[in-house]
Amino acid sequence: MMRPVLSLDGLQAWRAKDAKGQSCASCHSPDGIELTAFTESDLRRRILRHHSGDLAEQVVRIVTQNSNRLKFIGHDYRPFQPGGSVLPGKTPQERDGAFLANLAKQHPFLFKPISSLAQALEYQKEILAIDLRSVPIGIEVNRLSEDSALGANHATIANWFPDVPTFDSDQLAAVSDAYLQNPTEENLRKIDEKAVLLSSLHDQFSMLSLAKYRCLNLLQHEMRTGKQTSFLPPDNPFWQIAEVGRVYADSDEITLHVPETIVLDKSMKTTFKSQMRQLRLPWFWLGWIRDPSLTKSGLSRETLRGDYFCTYLEQDGPYMGHEAFMLTRKLAEQNRNPVQPNFPWEIQYTFFLANDPLIKREPKDPTAKELFRRLTHSSFVMSLYLLEQDLRARKKAYHPIPQGSQIKFLNQYLNDIHQPEAALVGRVSELLATLPTK
Ligand code: HEC
């Protein structure tokens, strides 16, 4: 559904500055299309924070007219929640069980055993073909908005809107106009680039706001065009939001430079840590499904391996089934799309293996455990075959020590669940140990 081109004159009030020099366009989309999610009274309540009198009325008119009418979606709206809604279950474990059960229904091949390279390649092909945005998860993605006016449990910055402006919205007007007249991906990219160029980032809190702005920019584009966009800015702002949550979870609002008014409005003195927690895991997931190889989200080793992502899938869960699935897709993806062309592929299950023995961290529920075991077994076997193929083709071993230790751990787990793969494990370990490394 393509929205009609609106009259750009109407945007004057949308772009009018308040006493602090901020306009709606500083923190919302080029025309406020995403605000169709709210009621007119929500809209009025928010406008009064910035404008009064005629100007306030003009903004109401613009938003209601430009969006043709307010279609209230509800305050529970969680944009980009994969599969449209969060899986049922009172605890992370229950939702993780629901994740595995749903996966087994949607993609039964994931749970089938693999016993040859040909089957491993088929498995890789199949898992790569899954549209990750259609796979529902047990993790709640942040709501579009969280307004403390709706109650104390809405007092959180874990939402999609920038908390502080990071650029002068006047300077974004030209690219915004071009985009509104012709909302192509190319013009969308220009808004993203210009916002980055214009932004003045004093600290990590403004960096968080810019990252939110850039994610919102993608969201509003999909709302406008009714189509998914594969456009992802080169430094994955979804992932950046998660990183702020991760880095500051053990810190405080002062270190993050949160302005005093926001500290008060969001009750941060008591809930800062929990707000950081609400940011990290959901945005890691959203960042990952747009960059499933994790090669386009900043090239740190931790990101490529998915270290922190795995850490929080366990700590903020446990979501062991989600973790097994994510790693399998990520490894399949990195094998297909290496960091650089022809870069050696590596078995790397990070903390999924390099932690307490996996057998102790499996799902407890018997049905979930059974599915988890089958998924993990196939995942390990796929990886071993892919590695064996890579080693034989290259005749060189890459990172033999860490890979050897990962194989030792995965072998231990396969033995623990009585699904030994001694011959395959033996062949791959032998190749790793004997092939030259340079
Ligand atoms: C400094 C950034 C900023 C500016 C400027 C801004 N907003 Fe917002 N807006 C937010 C944030 C952040 C939220 C999420 C709620 C919160 O954190 O208080 C929000 C939420 C909203 C909501 C949803 C409220 C709800 O019920 O959840 C509406 C509607 C809205 N803004 C409209 C506007 C309009 C119209 C303007 C211009 C007059 C504007 N905003 C200016 C940051 C901004």
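Colleague: What makes the pair formed by His-28 and a nitrogen atom of the ligand a polar contact?

Modeller: In this predicted model, a polar side-chain atom of His-28 lies 2.8 Å from a nitrogen atom of the ligand. A polar contact is a pair of N or O atoms within 3.5 Å, so the pair at His-28 qualifies.

Colleague: Which N or O atoms of Ser-145 and Glu-146 lie by an oxygen atom of the ligand, and at what distances?

Modeller: For Ser-145 the atom belongs to the side chain, and the distance to an oxygen atom of the ligand is 2.6 Å. For Glu-146 the atom belongs to the backbone, and the distance to an oxygen atom of the ligand is 3.5 Å.

Colleague: Which elements give two or more residues to the shell around the ligand?

Modeller: They are helix 1 (24-27) and helix 2 (40-47). Helix 2 gives the most, with five residues.

Colleague: How many residues surround the ligand, and which come nearest?

Modeller: There are 26 residues around the ligand, and Cys-24, Cys-27, His-28, Ser-145 and Lys-266 come nearest. Sorted by class, the shell has 11 nonpolar, eight polar and seven charged residues. The space that the ligand takes is the largest pocket.

Colleague: How do you know that the span of helix 9 agrees with its number of residues?

Modeller: Helix 9 comprises residues 237-248, which is 12 residues, and at 1.5 Å a residue the expected span is 16 Å. Its end C-alpha atoms are 17 Å apart, and therefore the two values agree.

Colleague: Why is helix 9 called mostly covered?

Modeller: Of its 12 residues, 11 are buried. Buried means under 20% relative accessible area, so 11 residues of helix 9 fall under that cut-off. Among them are Phe-238, Trp-239, Ile-241 and Tyr-248.

Colleague: Why is Ser-206 called buried?

Modeller: Its relative accessibility is 3%, and the cut-off for buried is under 20%, so Ser-206 counts as buried. Ser-206 is placed in helix 8 (residues 204-225). A polar atom of its side chain lies 3.1 Å from the backbone nitrogen of His-202.

Colleague: Why is Tyr-308 called partly exposed?

Modeller: Buried requires a value under 20% and exposed a value over 50%; Tyr-308 has 27% and therefore counts as partly exposed. Tyr-308 lies in helix 13. Its C-alpha atom is separated by 8.9 Å from that of Phe-284, although the two residues are 24 residues apart along the chain.

Colleague: What makes Asn-342 and His-418 exposed residues?

Modeller: The cut-off for exposed is over 50% relative accessible area. Asn-342 has 63%, so Asn-342 is exposed. His-418 has 65%, and therefore His-418 is exposed as well.

Colleague: What are the phi values of Asn-342 and His-418, and where do these residues lie?

Modeller: Asn-342 has a positive phi of about 65° although it is not a glycine, and it is found in the loop between helix 14 and helix 15 (350-353). His-418, also not a glycine, has a positive phi of about 60°. The loop that holds His-418 runs between helix 18 (400-416) and helix 19 (422-434).

Colleague: What kind of peptide bond joins Gly-317 and Pro-318?

Modeller: The bond is cis, with an omega of about 10°. Pro-318 has its place in the loop between helix 13 (307-315) and helix 14 (320-336).

Key:
Residues numbered from 1 in each chain as written. Predicted model: local features only at pLDDT ≥ 70, side-chain atom pairs only at ≥ 80, totals over all residues. Heavy atoms only, no water. Near = heavy atom within 4 Å. Polar contact = N/O pair within 3.5 Å; in protein donor to acceptor, adjacent residues only side chain to side chain. 1 Å grid on protein atoms, 1.4 Å probe; cavity = no way out; pocket = protein on both sides within 12 Å on 5 of 7 lines; lining within 4 Å. Sits in = over half its atoms within 2 Å of the grid points. Helix = DSSP H or I, 4+ residues; strand = E, 2+ residues; numbered from the N terminus. Nonpolar A, V, L, I, M, F, W, Y, C, P; charged D, E, K, R; others polar. Expected span 1.5 Å × (residues − 1). Buried < 20%, exposed > 50% of the residue type's maximum accessible area, 1.4 Å probe, protein only.
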